[in-house]
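Please look over the chain as a whole before turning to single residues. The paragraphs that follow move from one residue's surroundings to the overall fold, then to the core and the surface.

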Amino acid sequence: MFSLFPDILFLTPVAVAFLRIVTGLYFAYIAYRLYVTRNKIAGLKVPVVGHMRLWMVLFSSLATLATGVLLIVGAWTQGAAIVALAIVLKHLAGARRYAQILPLSSGTYALLAALSFALIFTGAGLFGIDWPL
């Protein structure tokens, strides 16, 4: 395999860990913004569930925060990445319609979708609890 810098390929697990932690921090931020704007979100009409209730917004915020924490810590990374991908795709689907309440742009959600998809296949990387031994 031809590589421009073959001597630094041993740092691949560090790069994966960096991507995992950054993705987790974004999910923690999304959860924070959902919690802060919970009263604004509650009462909105959304597809599938109808009108959002406060407990739904709190549950969504808690699930997003739990996903972010699991990614930051590196526990059950592949499962957390699958949940993260589902959350991001849900937000991406409503990015244009609910731009006033969603904290990130559609481009950022697309990048988070790509990172979540990659984490499903790469795992936790270095410093993760579920790093293979």
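Two residues are said to be in contact here when heavy atoms of theirs lie within 4.5 Å. With that meaning in hand, and keeping in mind that this is a predicted model, one can begin with Thr23, which has its place in helix α1. Leaving aside neighbours within four places in sequence, Thr23 is in contact with Leu71, Leu112, Leu115, Ser116 and Leu119. Is Thr23 buried or exposed? Its relative accessibility is 0%, and because buried means under 20% relative accessible area, Thr23 counts as buried.

The wider setting of this residue is a chain with five helices and two strands, which follow one another along the sequence in the pattern α-α-β-β-α-α-α. Along its principal axes, the C-alpha trace spans about 55 × 25 × 20 Å. Among contacts with a separation of 6 or more, 69% are accounted for by residues 24 or more positions apart. Of the 133 residues, 36% count as buried, while the accessible surface of the chain comes to about 8,300 Å², with 74% of that area belonging to carbon and sulfur atoms.

Turning to the interior, the largest nonpolar core has 25 residues, and those with the most contacts inside it are Phe27, Ile30, Ile41, Met52, Leu71, Val88 and Tyr109. Helices α1, α3, α4 (77-93) and α5 each supply at least two residues of this core, and α4 gives the most, with six residues. Phe27 can serve as an example of how such a core residue is surrounded: not counting residues up to four places away in sequence, Phe27 touches Thr64, Thr67, Gly68, Leu71, Ala84, Ile87, Val88 and Ser116. Leu71 and Ser116 are thus listed among the partners of Phe27, and both are listed among those of Thr23 as well.

The surface has a nonpolar feature of its own, a patch of about 670 Å² that is made by Ile21, Leu25, Leu62, Leu65, Val69, Ile72, Val73 and Ile129. The elements that give two or more residues to this patch are α1 (12-36) and α3 (54-73). Which of the elements gives the most to the nonpolar patch? That element is α3, with five residues. Ile129, also part of the patch, is found in the segment after α5 (106-122). Its relative accessibility is 62%, and because exposed means over 50% relative accessible area, Ile129 counts as exposed.

Technical notes. Residues are numbered from 1 along each chain as its sequence is written. This is a predicted model: local features need pLDDT of at least 70, side-chain atom pairs count only at pLDDT 80 or more; totals for chains, interfaces and linings use all residues. Side-chain values use heavy atoms; hydrogens and water are left out. Patches are made of residues with over 30% relative accessible area and no salt bridge: like charges are joined within 9 Å, nonpolar side chains (Val, Leu, Ile, Met, Phe, Trp, Tyr) within 5 Å. Accessible areas come from the Shrake-Rupley method with a 1.4 Å probe; for residues, only the protein chains shown count as cover. A salt bridge is a side-chain nitrogen of Lys or Arg within 4 Å of a carboxyl oxygen of Asp or Glu. Helices (H or I, at least four residues) and strands (E, at least two) are DSSP runs, numbered from the N terminus. Buried means under 20% relative accessible area, exposed over 50%, partly exposed in between (1.4 Å probe, protein chains only). A nonpolar core is a set of buried Ala, Val, Leu, Ile, Met, Phe, Trp, Tyr and Cys residues joined through side-chain atoms within 4.5 Å.
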